[in-house]
Amino acid sequence: DGLKFTALDDGNYSVSAGTAKTASEIIVPRTHESGLVTAIAKEGFKDCKQLTSIDLPTSIASIGAYAFRNCNALTSIVIPQGVPSIGSSTFYKCSSLESIVIPSSVQNVSDSAFRECISLTTITIPSGVTSVGNYQFYGCTALESISLPVGITSIGSYAFHGCSALA
């Protein structure tokens, strides 16, 4: 399958594209050898320009920064329940990303997480999130609707800059 697994200190594994960098569809397994696959490595699938879909197992508990940056063909993704945060620039320049499901377990969405996702039209931020980071939706020109929780206490610099479709 070409995926690269890296052993973590707790006996589980992180995953990255490895030689599957040109795959269009990837299914990340729940287990590898004797451990669970619990993390998407930092830059794990960065520049997988032909990736249209990726299926993440419920064992995933962390997604590293830049994990899907420049995945130009990725159209949708479901983040598994249990993931507590979305790292910096995770989906930066995922220009075909139209849909993302963010579970209620997410408490933090880092800076530039959805920056320049020019096909993203709507998004719901879970109730546990209290801030919108810097450049979070910068350049999301198709974004028409965003549902923010009532507990938002801060909005970062340029968080919605260039979101010309927002009413």
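Leaving aside its neighbours within four places in sequence, which residues is S147 in contact with? In this predicted model, the residues that S147 contacts beyond those neighbours are I123, T124 and I125. S147 itself has its place in strand 14, which covers residues 145-147. Its relative accessible area is 35%, and because partly exposed describes the range between 20% and 50%, S147 is counted as partly exposed. A further pair helps to place this residue in space: S147 and S127 lie 20 residues apart along the chain, and their C-alpha atoms are separated by 9.7 Å.

We can now turn to N12, which sits in the loop between strand 1 (4-7) and strand 2. N12 has a relative accessibility of 17%, and since buried means under 20%, N12 counts as buried. When residues up to four places away in sequence are not counted, N12 touches T6 and A7, and also G35, L36 and T38.

From these single residues the reader can move on to the largest nonpolar core, which has 45 residues. Within this core, the members that touch the most other members are F45, I54, F68, F91 and F114. Strand 2 (13-16) supplies at least two residues of the core, and strand 5 (35-40) likewise supplies at least two. To follow one of these members in detail, consider I54, which touches I26, V28, F45, F68, L74 and I77 once residues up to four places away in sequence are set aside.

Note on methods: Residues numbered from 1 in each chain as written. Predicted model: local features only at pLDDT ≥ 70, side-chain atom pairs only at ≥ 80, totals over all residues. Heavy atoms only, no water. Core = buried A, V, L, I, M, F, W, Y, C linked by side-chain atoms within 4.5 Å. Buried < 20%, exposed > 50% of the residue type's maximum accessible area, 1.4 Å probe, protein only. Helix = DSSP H or I, 4+ residues; strand = E, 2+ residues; numbered from the N terminus. Contact = heavy atoms within 4.5 Å.
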